[in-house]
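Biologist: I am new to this structure and would like a close look at a single part of it. Could you take me through the backbone there with care, and then set it against the rest of the protein?

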Amino acid sequence: MPLKIGDSQSSRTLVPYVKYNAPKNLTLDTRADESTIEWSISVSGGVTYLIRFSQNFSKKHLHTSTKKLEHVQAEYDQLGHIKDDDARWAAAQEAADEKKFHRQLAHRSLNEQRCKTCNHPISDHPGSGKCMRKTQTLGFHGQMKNGKPVKSMKENECTCTAYLAPYAEKRRDQGKPTINPLLGATAQTNDLIWLDRIPRAHFEKVIQESLRKRYNAVVPNPGWDAKGEHIEWDFGPANRGCILKFATGTRLADAKAQGHSCVEVLITLDNKDATRPIFTVCHLDGKKTK
Ligand SMILES: [Zn+2]
Ligand SMILES: [Zn+2]
């Protein structure tokens, strides 16, 4: 049975959400901060694995289908040529997901990276130089009408003289080593693990087994590599298409058709307690996706 989008049996339930207050007195859900995510998976013999994330791994690589009904409905309305209603909803969901994945990709693009000094996008800084953004302010700028000062619009030039890259981008430019928060991010391609497509029990089993095998193979000797161990998460042929290689313009149907179901991730071991080892997932090597 294929998983339905949003199915409670899918691994999307592994992503924790928190409430936040939005304008207009709305309370909305947003993803919990990565630093607060911890999955605990009990292994036999009183051992529990704790799994954490860093370097924005969860945001970059753990993706979920949209649950925004209005987005799906908008696509549905345009798919009148699909006569079967279930098929039409499924196509609408997929179209909305394609847009969601592209939006998330765009957040990482240089065009949307804002200057650390003035918070205007890099595109406002031609040649990474002076910011050309002009803003308007309404106020008393010396204009008179009938002998009285009146409010008028005034154009202000941004005073920022050069684009200052945000911290993570700077690290990239400095060529810091492989565990780089945005490694590959500016290339505008991303490998997504599409959680809705993987049954949760299977997902947990794959993760647990891959960790257990490597742990038993390297601990205590030669020991877990301090820079992290490269580990495959292979979700198997039954889940082909659960890993998507997404770039600008990628169609979701094409990405699915590539049939990827295996990624290689970099995981560090952050404590020595054999009954509660803490594994931190920090990087995905897109070149190893298959
Ligand atoms: Zn600036
Ligand atoms: Zn500016």
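Modeller: In this predicted model, Asn56 counts as partly exposed because 15 other C-beta atoms lie within 10 Å, where 20 or more would make a residue buried and 12 or fewer exposed. Asn56 sits in the loop between S4 and helix H1 (57-61), and although Asn56 is not a glycine, its phi is positive, at about 65 degrees. Most residues other than glycine have a negative phi, and most peptide bonds are trans. Asn119 also has a positive phi without being a glycine, in this case of about 70 degrees; Asn119 belongs to the loop between helix H3 (85-107) and strand S6 (134-145), and it counts as exposed, with 12 C-beta neighbours inside 10 Å.

The peptide bonds offer exceptions as well: the bond from Val219 to Pro220 is cis, with omega near 5 degrees, and a cis bond joins Asn221 and Pro222, with omega about 0 degrees. Pro220 is found in the loop between H5 and strand S9 (229-234), and Pro222 lies in the loop between H5 and S9.

To return to S4, strand S4 (47-53) is among the elements that give two or more residues to the largest nonpolar core, as are helix H5 (200-218) and strand S11 (262-269), with S11 giving the most, five residues. Of the 32 residues in that core, Ile193, Val265, Phe279 and Val281 touch the most other members; Phe279, leaving aside residues up to four places away in sequence, touches Tyr49, Ile51, Leu211, Ile267 and Leu269.

Note on methods
Residues numbered from 1 in each chain as written. Chains lettered and ligands numbered in written order. Predicted model: local features only at pLDDT ≥ 70, side-chain atom pairs only at ≥ 80, totals over all residues. Core = buried A, V, L, I, M, F, W, Y, C linked by C-beta atoms within 7 Å. Helix = DSSP H or I, 4+ residues; strand = E, 2+ residues; numbered from the N terminus. Contact = placed C-beta atoms within 7 Å.
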